[in-house]
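Please open the structure in a viewer and keep the sequence beside it. The tour below proceeds from the whole chain to single residues, with a selection suggested at each stop.

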Amino acid sequence: MDIRSMQIVIRKAGWRDFGPLLNLQRQVVRESEHLAATRGERKEPVLFAFAKAILHRKRVHTLLALAGNEPVGYITVVFGKFRKVGETAYLVVGVRASHQGQGIGTTLLNEAEKFARSRKMHRMELEVFERNESAVRLYEKLGYQIEGRRREAVKTPNGYSDIIWMGKLL
Ligand SMILES: CC(C)(COP(=O)(O)OP(=O)(O)OC[C@H]1O[C@@H](n2cnc3c(N)ncnc32)[C@H](O)[C@@H]1OP(=O)(O)O)[C@@H](O)C(=O)NCCC(=O)NCCS
């Protein structure tokens, strides 16, 4: 199925979405072998995560993809903390396994780019496991370029692998 034939709504996450967003992030972590955390490693108490979100609310923004009322994907846009790096937006994106390959990730990335442009960002960047080949292809298709690598940063049962830095100038 394609996103065009589904009822997917993309909107900014608000405070009421905090719990469902946390659950969604945990679910994506459980389902994916291409993220740094593995099942059960994100043990941060909800209150602590909420306090952090309040503290960083001016520079951390999340867009949610909803199928009906159910959050199925998210993209978090983190603006640089200090003035000199304040025009760089760092991205984290995730879509539930059941909804992958349907255009939701592409739409989230495009919406995040619109949002970053509206906030006068100069560049967007992200990190991706080299072995996450479909994700690397997706980012390349959207204009991200490989800018560097963290060699053997990931330890897997099959050996070490790299994390790739990708960036796009707006
Ligand atoms: C990477 C991710 C965000 C892409 O989201 P998505 O909704 O599956 O992406 P789309 O449906 O827009 O797919 C875009 C392209 O990537 C391919 N693709 C990427 N991941 C895929 C997957 N898991 N299953 C099928 N196709 C996938 C699609 O074939 C498509 O290519 P095409 O346009 O040439 O057909 C999503 O797969 C995901 O959350 N994966 C697990 C967590 C993760 O890897 N996050 C990224 C860390 S950097």
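The radius of gyration is taken over C-alpha atoms, and the globule rule used with it is 2.2 Å times the number of residues to the power 0.38. By that rule, a compact globule of 170 residues would have a radius of gyration near 15 Å; the chain has 16 Å, which agrees. This is a predicted model, in which local features need pLDDT of at least 70 and side-chain atom pairs count only at pLDDT 80 or more, while totals for chains, interfaces and linings use all residues. Residues are numbered from 1 along each chain as its sequence is written.

**The whole chain**

Select the C-alpha trace first: along its principal axes it spans about 40 × 40 × 40 Å. Next, colour by secondary structure, where helices (H or I, at least four residues) and strands (E, at least two) are DSSP runs, numbered from the N terminus. The chain holds 4 helices and 7 strands, and their pattern along the sequence is β-α-α-β-β-β-α-β-α-β-β.

A residue is buried if 20 or more other C-beta atoms, placed from the backbone, lie within 10 Å of its own, exposed if 12 or fewer, and partly exposed in between. Of the 170 residues, 21% count as buried. Two residues are in contact if their C-beta atoms, placed from the backbone, lie within 7 Å. Among contacts between residues at least 6 apart in sequence, 61% join residues at least 24 apart.

**The sheet**

Now select the strands, which pair if DSSP finds at least two bridges between them. An open sheet of 7 strands appears, in the order 1-2-3-4-5-7-6 and with mixed pairing. Strand 1 (8-12) and strand 6 are the edge strands, each pairing on one side only. From one strand to the next, the twist averages 25 degrees; for such angles, axes are lines fitted to C-alpha atoms, for helices over the stretch in contact, and angles run from 0 to 180 degrees between N-to-C directions.

Restrict the selection to strand 5 and strand 7 (residues 159-169), which pair in the antiparallel sense over 7 bridges. Here Glu125 stands opposite Gly167 in strand 7. Add helix 3, which packs on the sheet and touches strand 1, strand 2 (60-67), strand 3 (70-79), strand 4 and strand 5. The direction of helix 3 makes about 35 degrees with that of strand 3.

**The ligand**

Which residues are the closest to the ligand? Of the 20 residues that surround the ligand, the closest are Gln100, Gly101, Gly105, Thr106 and Ser134; a residue is near a molecule if its C-beta atom, placed from the backbone, lies within 6 Å of it. Two or more residues of this shell come from each of strand 4 (88-95), helix 3 (104-118), strand 5 (123-129) and helix 4 (133-141).

Select Gly101, in the loop between strand 4 and helix 3. Gly101 counts as exposed because it has 11 C-beta neighbours inside 10 Å. The C-alpha atoms of Gly101 and Ser134 are separated by 9.7 Å, although the two are 33 residues apart along the chain.

**Two residues with positive phi**

Most residues other than glycine have a negative phi. Select Lys120, in the loop between helix 3 and strand 5, where phi is near 65 degrees. Lys120 counts as exposed, with 9 C-beta neighbours inside 10 Å.

Finish at Glu152 in strand 6 (residues 145-156). Phi of Glu152 is near 50 degrees, a positive value, and Glu152 is exposed, with 11 other C-beta atoms within 10 Å.
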